Amino acid sequence: MQASNDLVSTPPQRLHGLDALRGIALLLGLVVHASMAFLPGAQYFWITHDPQPSAALGLAFYVPHMFRMVLFFLIAGFFGRLALQRIGTRTFIKDRWKRITRILLIGWPLVFAGIIAALTLGALWDGDGSLPKQTPPPPKFTPDSFPLTHLWFLYVLTLCYAAMLVLRALLERIDRRGWLATMADRVVRLLSTAIGPALLALPLAAALYAIPAWYHWFGIPTPDQSLYPNLAASVAFGSAFVFGWWLQRQIELLHQWTRHWPLHLGIAIAATVTCLYWVGLSSPPTPAAHDLHTLGYAFVYGWASWSWTYALVGMSLRFLSSHSPVRRYLADASYWIYLAHIPLVMALQVVACRLPGPAVLKFIAVLAISFALLLLSYRWFVRGTFIGVMLNGKRLGESGTG
């Protein structure tokens, strides 16, 4: 059976629901980033901004950003342990090097060059074909100031895999009777019940509240500007990865997620609406106050994040468990689309923001054009080429079903 991009290696009977959900989590990144130029205040956090932004588009950013990477790292941990069990430690390390770390090392310079090209396009447009005499200072490219761009997820995945391999080796030495593993299994069983999202929200809320200047509308700050992941991202994505890894030991627990998805979805929607009631559809200009109000918001935000994750996992296993060639194709394409989308989206935004028209229509145009071009590029330049082999492994047949 063909492996499926960075969440490679599936069991003999493929978990089609989780495979599709992994692709959805990646493709939602396209929605999030396509919206950013059209949000109020975009000039302070994005390379370009629309002169007439739309607060309504805050939903296109706020809601997916709340859960998509927590969801992604949960699935990554789940499939990571599954791969390790199937192919062994040595092959697993080689596989992660090829599909994750090597892609980061090769892709980062190309993505960064594309972002510079988009910035240059905007500067030339605004300067009537001439570059400004004064330009922003370049990145320092030091460990504490390194622009990982959206490829930070590959860097953090590499750290997660390395940490879990070390932890696994330590447990084999110090937990020969399996007591610690048994305790961890009990914790996972508890977290798989209806109260799991609320329990997982507690450490995340504490980490978010500990941020000295937390712009709470943006939720979990992505670790894209340093080789040292920030505390909140480490807690959010690290706990999701470890939980997914340990959940795979008791795969039967997923049946509870499938049964309880309506409850989790209801809580997710209610908690999201509550958060938006607190902060609105656009980012406040100042960081959140360090008070109990902010601590409460942090907890509800974390509860919403994990409730969305539980709900979507349950829904995917309930409704997307059958094989679908279309869903399978999009799941395979999602890795390439996410890797390559930022420079293209930025270039389209640079053009769209300088044209007349409503921000919502521009957002839809940027999203549709970028998705279509990236999907076509996958079909013609990636899927059947050496790039496709690097991303998705060797194909056993053109159908991709293996």
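Let's start at Tyr-62: setting aside neighbours within four places in sequence, this residue is in contact with Trp-217, Thr-272, Cys-275, Leu-276, Val-279, Tyr-297 and Tyr-301. Keep in mind as you look around that this is a predicted model. Tyr-62 also has a place in a wider picture, for the largest nonpolar core has 122 residues, and Tyr-62, Phe-73 and Phe-153 are the ones that touch the most other members. Helix α2 gives the most to this core, with 19 residues.

Stay with α2 for a moment and find His-65, which is found in that helix. Is His-65 buried or exposed? Its relative accessibility is 14%, and because buried means under 20%, His-65 counts as buried. Not counting residues up to four places away in sequence, His-65 touches Val-32, Phe-218, Ile-220, Thr-222 and Tyr-301. Tyr-301 should look familiar, as it is also on the contact list of Tyr-62.

Val-32 leads us on to the pairing of two helices. The axes of α1 (residues 16–35) and α2 (residues 58–87) come within 9 Å and cross at roughly 145°, and the crossing is left-handed. On the α1 side the contact is made by residues including Leu-18, Leu-21, Ala-25, Leu-28, Val-32 and Ser-35, while the α2 side includes Phe-61, His-65, Arg-68, Phe-72, Ile-75 and Phe-79. By class, this contact has 16 nonpolar, four polar and three charged residues. An α-helix has 3.6 residues a turn, so residues three or four places apart point the same way.

Next, move to helix α4, which covers residues 152–174. How does its length compare with what its 23 residues should span? At 1.5 Å a residue the expected span is 33 Å, and the end C-alpha atoms are 33 Å apart, so the two values agree. Buried residues in α4 are Trp-152, Phe-153, Leu-154, Tyr-155, Val-156, Leu-157, Cys-160, Tyr-161 and Met-164. Phe-153 is one of the core residues that touch the most other members. What covers the buried residues of α4 includes α2, α3 (89–126), α7 (231–247) and α11 (325–352).

The loop between α3 and α4 deserves a careful look at its backbone. Phe-141 is found there, and this residue has a positive phi of about 55° although it is not a glycine. Thr-149 lies in the loop between α3 and α4 too, with a phi near 60°, again a positive value in a residue other than glycine. Which of the burial classes do they fall in? Phe-141 is partly exposed, with a relative accessible area of 36%, whereas Thr-149 is buried, with a relative accessible area of 10%.

Two stops remain. Tyr-209 sits in helix α6 (residues 196–209). Tyr-209 and His-290 are 81 residues apart in sequence, yet their C-alpha atoms are 7.4 Å apart in space. Leaving aside neighbours within four places in sequence, Tyr-209 is in contact with His-290, Asp-291, Thr-294 and Leu-295.

Finally, Ser-324 has its place in the loop between α10 (292–319) and α11. With a relative accessible area of 16%, Ser-324 is buried. The C-alpha atoms of Ser-324 and Leu-167 are separated by 37 Å, and these two residues are 157 apart along the chain.

Note on methods. Residues numbered from 1 in each chain as written. Predicted model: local features only at pLDDT ≥ 70, side-chain atom pairs only at ≥ 80, totals over all residues. Heavy atoms only, no water. Axes fitted to C-alpha atoms, helices over the stretch in contact; angles between N-to-C directions. Helix = DSSP H or I, 4+ residues; strand = E, 2+ residues; numbered from the N terminus. Left-handed = near helix turned anticlockwise from the far one by under 90°. Contact = heavy atoms within 4.5 Å. Nonpolar A, V, L, I, M, F, W, Y, C, P; charged D, E, K, R; others polar. Core = buried A, V, L, I, M, F, W, Y, C linked by side-chain atoms within 4.5 Å. Buried < 20%, exposed > 50% of the residue type's maximum accessible area, 1.4 Å probe, protein only. Expected span 1.5 Å × (residues − 1).
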